[in-house]
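Let's take a friendly walk through this structure, starting from a pair of charged side chains and moving outward from there. Keep the viewer open as you read.

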Amino acid sequence: MTLCLGSPAYAGDGQVSGDSGTTETDQPGAESGVGTDAGAKSGKGSIGAHIRINQSTPASSGATASAASADTNWEPPVCWYEPMYTPEEYETFIKDAYGDAGEPAASYARKRGKEKYHKGDKGLWWQVQFRDDNFSKACPVTTDNWEIWVPPADPQPDPNKVTPEILSELAFNSTKLPSPPVELQPRADRLLVNLGTRVAFKGDLDRVWTTASLDYKGVQLAATTVATPVALKVEAGTADADPQSCTYDLVKGKGGYTADSEGAGCNVTYLRASGNATYPFKASITWKVTWTDSVDPDGPARQPGLPDGLSTFEQDVTVKEAQAVNRSTGGDHV
């Protein structure tokens, strides 16, 4: 039976609080200083029972938003198993949680009792955790295996056990990316018909890294996603422009990655005034996302790869007709 709705009676033990997590006091890798860009601050949070999220602060001072995946079919993990109990702790947990429970919980407790909770064996009980409180999506866990027994050498690992790859997907899903810090020349309220619109950055961007780590009961796993800005795309927001969109490669400078379309072969040019309305000008940045299986963003990139990330910014622009200037001197018109 596939789980679609609901949760075990004890899901409150380590229940996920949401994609963005809840504030925690610790920071993965902080003791060693590994995984910290120079001058970067870190956002902290948690997901699941013991997974900690740590993200660098984007260099841009503008607004940030959750990273959008360029692959619309990509989805982060719905659920996974994390290490939770020693055999002795598990026995206490089951007896406390299901001492007076009815069916089917009572049968579940009897099943674990017949297994003697694996007391005397080396290993841990791992428990299912959910990414958020929305259980409408199927999770490949049955009512018979809310917990699984995992020995030190697992001959047939459960595909839903948390791994660095799963951590990388959870890190990517928790990543916040800055909006494109675009500045238009002329200004957004003074664009002119048949005049190319220059696009520049008000400030540089730098890579953004997010670490998801687990350190519990002797199980230590980590993954760090690194999002690097690679391209800027601007869209005019109307068919009355030629071209209607332009894409620019981002160039790395001393302060990070930047863009300036001055002298570029492509600049949006509006062909018709917006009148009393406006055009929805849109800028989007493509971020190349890689991941490492450690807290170090500079570690070797691992496979399988993650989709590109996207961050966007929209603003209304006003386009006017260029007005000729008339002057009169002694009856002569120029």
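A good place to begin is the salt bridge between the side chains of E91 and K95, with 2.8 Å from N to O. Please keep in mind that the model is predicted. Both E91 and K95 belong to helix α1, which covers residues 87–98. They sit 4 residues apart, about one turn of the helix. The two partners differ in how they are classed by accessibility. E91 has a relative accessibility of 15%, so it counts as buried, the cut-off being under 20%. K95 reaches 48%, and therefore counts as partly exposed. This pair also has company: salt bridges that share partners join E91, K95 and K119 into one network.

The search of the whole structure finds 13 salt bridges, and two others are worth a visit. One of them brings together the side chains of R112 and E115, at 3.0 Å from N to O. Here R112 is buried, with a relative accessible area of 4%, while E115 is partly exposed at 31%. The other links the side chains of R187 and D189, with an N to O distance of 3.1 Å. In this case R187 counts as partly exposed at 45% relative accessibility, and D189 is partly exposed too, with a relative accessible area of 38%.

From charges we can turn to strands. An open sheet of 3 strands runs in the order β5-β6-β7, and its pairing is antiparallel. Its edge strands are β5, residues 79–85, and β7, residues 147–150, each of which pairs on one side only. On average, neighbouring strands of this sheet are turned by 40 degrees against each other, with direction ignored. If you zoom in on β5 and β6, the latter made of residues 124–130, you will find 6 bridges joining the two antiparallel strands. To see one such contact, select W80, whose bridge partner in β6 is Q129.

Strand β5 also leads us to the disulfides, of which there are 2 in the count. C79 and C139 form one of them, with their sulfur atoms 1.7 Å apart. The link of C79 and C139 is right-handed, with 90 degrees about the S-S bond. This pair links distant parts of the chain: C79 lies in strand β5, and C139 in the loop between β6 and β7, 60 residues apart. How does accessibility look at the two ends? C79 is buried, with a relative accessible area of 6%, and C139 is buried as well, at 2%.

Another disulfide joins C246 to C266, with 1.9 Å from S to S. The torsion about the S-S bond of C246 and C266 is about -85 degrees, so this disulfide is left-handed. It too links distant parts of the chain, with its cysteines 20 residues apart. C246 is in strand β14, residues 245–249, whereas C266 is in the loop between β16 (256–258) and β17 (279–292). C246 is buried, with a relative accessible area of 2%, but C266 counts as partly exposed at 23% relative accessibility.

Finally, we can put the disulfides together. Counting bonded cysteines along the chain, the disulfides of the protein follow the pattern 1-2, 3-4.

How values were computed: Residues numbered from 1 in each chain as written. Predicted model: local features only at pLDDT ≥ 70, side-chain atom pairs only at ≥ 80, totals over all residues. Heavy atoms only, no water. Pairing = 2+ DSSP bridges. Axes fitted to C-alpha atoms, helices over the stretch in contact; angles between N-to-C directions. Disulfide = S-S within 2.5 Å. Buried < 20%, exposed > 50% of the residue type's maximum accessible area, 1.4 Å probe, protein only. Salt bridge = Lys/Arg side-chain N within 4 Å of Asp/Glu carboxyl O.
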